[in-house]
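Here's a quick briefing to read with the model open in your viewer. Start with the inside of the protein, then move on to the sheet, the rings and a couple of helices.

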Amino acid sequence: MASDTPESLMALCTDFCLRNLDGTLGYLLDKETLRLHPDIFLPSEICDQLVNEYVELVNAACNFEPHESFFSLFSDPRSTRLTRIHLREDLVQDQDLEAIRKQDLVELYLTNCEKLSAKSLQTLRSFSHTLVSLSLFGCANIFYEEENPGGCEDECLVNPTCQVLVKDFTFEGFSRLRFLNLGRMIDGVPVESLLRPLNSLAALDLSGIQTSDAAFLTQWKDSLVSLVLYNMDLSDDHIRVIVQLHKLRHLDISRDRLSSYYKFKLTRKVLSLFVQKLGNLMSLDISGHMILENCSISKMEEEAGQTSIEPSKSSIMPFRALKRPLQFLGLFETSLCRLTHIPAYKVSGDKNEEQVLNAIEAYTEHRPEITSRAINLLFDIARIERCNQLLRALKLVITALKCHKYDKNIQVTGSAALFYLTNSEYRSEQSVKLRRQVIQVVLNGMESYQEVTVQRNCCLTLCNFSIPEELEFQYRRVNELLLSILNPTRQDESIQRIAVHLCNALVCQVDNDHKEAVGKMGFVVTMLKLIQKKLLDKICDQVMEFSWSALWNITDETPDNCEMFLNFNGMKLFLDCLKEFPEKQELHRNMLGLLGNVAEVKELRPQLMTSQFISVFSNLLESKADGIEVSYNACGVLSHIMFDGPEAWGVCEPQREEVEERMWAAIQSWDINSRRNINYRSFEPILRLLPQGISPVSQHWATWALYNLVSVYPDKYCPLLIKEGGMPLLRDMIKMVTARQETKEMARKVIEHCSNFKEENMDTSR
């Protein structure tokens, strides 16, 4: 099972400081600019953690607002030290790098920072004397500058023709630089002249860059240990250069087979050359390549027995010459991954779960187009078979969803995979901490990507959790997202149905503060709008029934929500639904349950005192819909109205005495052993009807309700009745002159039931 270990003190302190910057580390200058307190000095371990966690929070946390001048906290190296920072996405702008230009950075990773311009190239020079690792992956605009600085600033924002490519920048002076990633650099950047000043490169990533002449790579033949040429259109000339780089330990010439047509085809000869010439090779990625010749041995020649990683038994003929198994071999979307004996400890491919997980792990950060297809394969495994590495799979999908929040394909496949990876079959293997991470990325997806498939997948995944318990830590956020989904203008019925179900579950069994807060978010109004839309369409489906059920739950002991229901024409919708759908028993039960909640609020009862409403409630006393539920709830509504006394009866028809007689008749017709479709969290609204003599029938209804519940569900309701002081109230009622004899007899039976229950469950241990 996954660990539920708490976060480290460092992580908790970092999170708190970042969420309270002007109250902990800094103060606001001129109410907007952050400045570090003068008496603070922070070492690199803390500064790096603060910056990297800040980036994570901005990208992944919904309730975290970025601060414009955050990086200014680290402007002075005398009080703060930055050494290794990873920045990503549009969070980072030119002025942010400028703010930290005096720092002695050793490692700077800039990933998909498309707002960086050529101004940041000049800032990079500030780090030239210390920088060892630099990534500019996906920083597509960093080699662009304004053609006429200061002359067309507004126009440049919308007119890219105002920008020109910078061609005179080089890495001159970056004497310590060993690791460089220029992946997905914009076309036209003169890579060869850009890199020429670097004397001792150990790792180079030129993913997506097209260059017909790769001879310049040989200047690092004695130092280059890692070379990535993903999606570069190769030729025989490229291969001749690559095999001269005899120090290579990692070589990646993989490609996305769907992105474009590549002329180059891998041959048996090329693979043999890699094995012969690159004797230090430990990792090779040839994913996506079409293998021109048959590189595999025949099934007849394959050695029988268990799968082996020994090169001598390799099913891939050129790899039999390897001195040792490779640490990693990328074969995703190639025919070779399906062979039996592959000489590598870790293989990416599409043959089985292990290979698919290796692919997600290897490609998530920089290759979402490949990752989405790998996650889709994982989705099929989780859906059709059984996922054997559940925790690893969950963590990888969570990472991919966090990393590519705005990538449609990742969000669609990832959210679909999460639905199957979090179902009840796997639940025991998942920690609270991990399940919370799932909930957060699901909500991120719902928030960031308003696409029907993503929204449906996310809602379905939330249904795999215990509601409301597991969602309570994100209670407000999840309700806001669901209410936005339930906008009646949206026509996707399946999403509406799931979202209403979730809303209903979220307001069931939570405290009144939560219900009031959700009511103020627009919950009551949203449900009424959904009901109104269904009425217009003359459709009574699950959305209609769930909406009334949700209103029943959210109005329970919550007067503000009951008032909101009345203020927004709830009673008209009740009457219209009753008329339009006379045979829908569950609908009637839900509606009457809601009106029972409204009737419990003394200040609102006068609004129910109309001839029309009283007649409807009286007629429903004789309903047999859903067992006794509709009749019981109608009688409950009338019991609270009767409790206000004859002087509050403000209608001529029907007369109070007539309604009272019908209530007595209804109660006497119910089976005391009826099993109930109802859930009481408190008896307080029922108990207040006991110590009074104004309405004996209300008193009788309340006593019958208690007798039924403690008889049929003693384990649940006997303790509740005792806890809420029901026993002395019943004893006092028995002494009342105004109480009916049958009511008193029933009260005695309730007391007897609870007394027996108390004795049976008494702790006799010593």
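A nonpolar core here is a set of buried Ala, Val, Leu, Ile, Met, Phe, Trp, Tyr and Cys residues joined through side-chain atoms within 4.5 Å. Keep in mind that this is a predicted model. With that definition in hand, the largest nonpolar core comes out at 157 residues.

**Cores**

- Inside the largest core, the residues with the most contacts are W548, F565 and F574.
- Helix α27 (residues 696-712) gives the most to this core, chipping in nine residues.
- If you click on W548, look for what it touches: I531, F565, G570, L573, F574, C577, L587, N590, M591 and L594, leaving aside residues up to four places away in sequence.
- There's also a second, separate core of 101 residues, and L82, I142, V166 and V347 are among its members.

**The sheet**

- Ten strands make up an open, parallel sheet, and going across it you meet β3-β4-β5-β8-β9-β10-β11-β12-β13-β14.
- The edges are β3 (84-88) and β14 (344-348); each has a single partner strand, so one side of each is left without a neighbour in the sheet.
- From one strand to the next, the twist averages 5°.
- At the β3 edge, β3 pairs with strand β4 (residues 107-111) in the parallel sense over five bridges, and L87 has L110 in β4 as its bridge partner.
- Follow the chain from β3 through helix α3 (residues 94-99) into β4 and you trace a right-handed β-α-β unit.
- Elsewhere in the sheet, strands β8 (residues 179-181) and β9 (residues 203-205) run parallel and pair over three bridges; N181 is matched there with D205 of β9.
- When you look at side chains in the sheet, remember that in a regular strand they alternate between the two faces.

**Aromatic rings**

- Searching the whole structure turns up 21 aromatic pairs.
- Y632 and W701 make a tilted one, at 5.3 Å centre to centre with 35° between the planes.
- That pair ties together distant parts of the chain, since Y632 belongs to helix α24 (residues 629-642) and W701 to helix α27, 69 residues apart.
- Are Y632 and W701 buried or exposed? Both are buried.
- Y713 and Y717 have ring centres 6.2 Å apart and planes at 75°, so this pair is edge-to-face.
- Y717 is buried at 2% relative accessibility, while Y713 is partly exposed at 22%; the cut-off for buried is under 20%.
- Y54, F64, F70, F71 and F74 are linked by ring pairs into a cluster.

**Two helices to look at**

- Why is helix α15 (residues 475-485) described as largely enclosed by the rest of the structure? Eight of its eleven residues are buried.
- Those buried α15 residues are Y475, R477, V478, N479, L481, L482, L483 and I485.
- Their cover includes α13 (432-448), α14 (452-462), α16 (493-506), α17 (512-520) and α18 (523-536).
- In helix α23 (residues 611-620), the buried residues are F613, I614, V616, F617, S618 and L620.
- The buried side of the story for α23 involves packing against α21 (570-580), α22 (585-599), α24 and α25 (656-669).
- When you read helix lists like these, bear in mind that an α-helix has 3.6 residues a turn, so residues three or four places apart point the same way.

Technical notes. Residues numbered from 1 in each chain as written. Predicted model: local features only at pLDDT ≥ 70, side-chain atom pairs only at ≥ 80, totals over all residues. Heavy atoms only, no water. Pairing = 2+ DSSP bridges. Helix = DSSP H or I, 4+ residues; strand = E, 2+ residues; numbered from the N terminus. Axes fitted to C-alpha atoms, helices over the stretch in contact; angles between N-to-C directions. Right-handed = clockwise from strand over helix to strand, strands pointing away. Buried < 20%, exposed > 50% of the residue type's maximum accessible area, 1.4 Å probe, protein only. Contact = heavy atoms within 4.5 Å. Phe/Tyr/Trp six-rings, centres within 6.5 Å; stacked < 30°, edge-to-face > 60°.
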